[in-house]
Amino acid sequence: DGEIRYHYAANSGPRWTGRDTSGLRTDLGLEMAFAKDWQVIGMIESKTSFLNYENLLEFSRISLAGKLGDAKLRVGSFGYLMGDGNIYDSGFKGLRVERGEPFKYTLAYGETNDTKDTFVSTLQYKTYDYDLEAGLYRYRLADGDRSDNTLWTLGGKYHFSNFSVGAMMLGADRRRGDKNGYVLSLDYGELKAYRAGTYSVFAKYYDQPKDTYIAHGMNGQA
């Protein structure tokens with residue numbers, strides 16, 4: 001399976017020194033089962049930019065996924081959405097274990113594109129009407145900084161009709177500067193890529209100091 005996406009983003013502001021972006025992104029997913037409850041998952045990724053030369057074609061991710069008793073295990077290189085994208089939303093290399101329902105516990109260890117020695121621990125609770133999540137993230141930056149960084153999150157969403165409203169609080173252990181933030185969200189609809197005619201619309205408000213995220217997943221410049 002796969003997807004193709006066109007994007008255009010215009011950015012401005014007194015401190016903005018970059019440029020607008022426009023291009024195509026194509027992802028082709030590959031899966032192969034080799035045993036009961038076990039499979040190999042990979043992805044070929046292509047990026048074509050219309051405004052600069054940041055183009056690529058690579059076999060970007062490959063991982064092994066399966067079950068060990070009641071737990072789900074994934075090892076290798078795969079995509080990881082952290083804190084609903086308010087902390088990180090990109091590639092992750094390492095190990096992740098998930099277990100439980102309706103309380104789901106997740107533990108992960110590895111590295112991202114921007115960090116190393118990255119440890120993730122989350123607890124989620126989901127019902128028909130609302131979702132709750134608490135998370136703890138500890139890591140070292142990949143740029144040579146040897147200090148440990150710790151983030152925590154506490155958030156939830158309430159669902160009614162075709163809408164949902166959500167809020168998330170985030171904090172960092174930095175000794176200087178602003179270290180607490182929050183995100184407010186409003187969603188309508190539910191996009192399901194395998195069902196024609198489905199869509200979703202969302203709006204978010206972010207108030208996050210730079211130490212409360214690794215690499216932000218927002219549509220725009222963080």
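Two rings of Phe, Tyr or Trp (taken by its six-membered ring) form a pair if their centres lie within 6.5 Å, and the planes count as stacked when under 30 degrees apart, as edge-to-face when over 60 and as tilted for the rest. The model is predicted, so that local features need pLDDT of at least 70 and side-chain atom pairs count only at pLDDT 80 or more, while totals for chains, interfaces and linings use all residues. Residues are numbered from 1 along each chain as its sequence is written, and side-chain values use heavy atoms, with hydrogens and water left out.

**Exercise 1. Find which residues the ring pairs link into a cluster, and then classify the pair of Phe103 and Tyr125.**

Step 1. The structure holds 11 aromatic pairs. For Phe103 and Tyr125, the ring centres are 4.6 Å apart and the planes stand at 35°, so this pair is tilted.

Step 2. Phe103 belongs to strand E7 (residues 103-112) and Tyr125 to strand E8 (residues 115-126), so that the pair links distant parts of the chain, 22 residues apart; strands (E, at least two residues) are DSSP runs numbered from the N terminus.

Step 3. Buried means under 20% relative accessible area, exposed over 50% and partly exposed in between, with a 1.4 Å probe and protein chains only. Phe103, at 42%, is therefore partly exposed, and Tyr125 is partly exposed at 21%.

Step 4. The cluster that the ring pairs link consists of Tyr158, Phe160, Phe163, Tyr188 and Tyr199.

**Exercise 2. Describe the largest nonpolar core and the surroundings of Ile87.**

Step 1. A nonpolar core is a set of buried Ala, Val, Leu, Ile, Met, Phe, Trp, Tyr and Cys residues joined through side-chain atoms within 4.5 Å. The largest one has 16 residues, and those with the most contacts inside it are Tyr80, Met82 and Ile87.

Step 2. Strands E5 (71-82), E6 (88-99), E9 (130-141) and E11 (163-172) each supply at least two residues of this core.

Step 3. With contact taken as heavy atoms within 4.5 Å, and neighbours within four places in sequence set aside, Ile87 is in contact with residues including Met82, Tyr137, Leu151, Leu170 and Ile214.

Step 4. Tyr80 also has a charged partner, since the charged end of Arg96 sits over its ring, 4.8 Å from the centre; the criterion is NZ of Lys or CZ of Arg within 6 Å of the ring centre and within 35 degrees of the ring normal.

**Exercise 3. Compare the settings of three salt bridges: Glu45 with Lys47, Asp70 with Arg99, and Asp148 with Arg138.**

Step 1. A salt bridge requires a side-chain nitrogen of Lys or Arg within 4 Å of a carboxyl oxygen of Asp or Glu, and the whole structure yields 10 of them.

Step 2. Glu45 and Lys47 meet at 3.9 Å, N to O; Glu45 is buried at 6% relative accessible area, whereas Lys47 is partly exposed at 33%.

Step 3. Asp70 and Arg99 meet at 3.8 Å, N to O. This pair links distant parts of the chain, 29 residues apart, with Asp70 in the loop between strand E4 (56-68) and E5, and Arg99 in strand E6. Asp70 is exposed, at 62%.

Step 4. Asp148 and Arg138 meet at 3.3 Å, N to O, with Asp148 in the loop between E9 and strand E10 (149-160) and Arg138 in strand E9. Asp148 is partly exposed at 32%, as is Arg138 at 40%.

Step 5. Salt bridges that share partners join Arg25, Asp27, Glu45 and Lys47 into one network.

Key. Helices (H or I, at least four residues) and strands (E, at least two) are DSSP runs, numbered from the N terminus.
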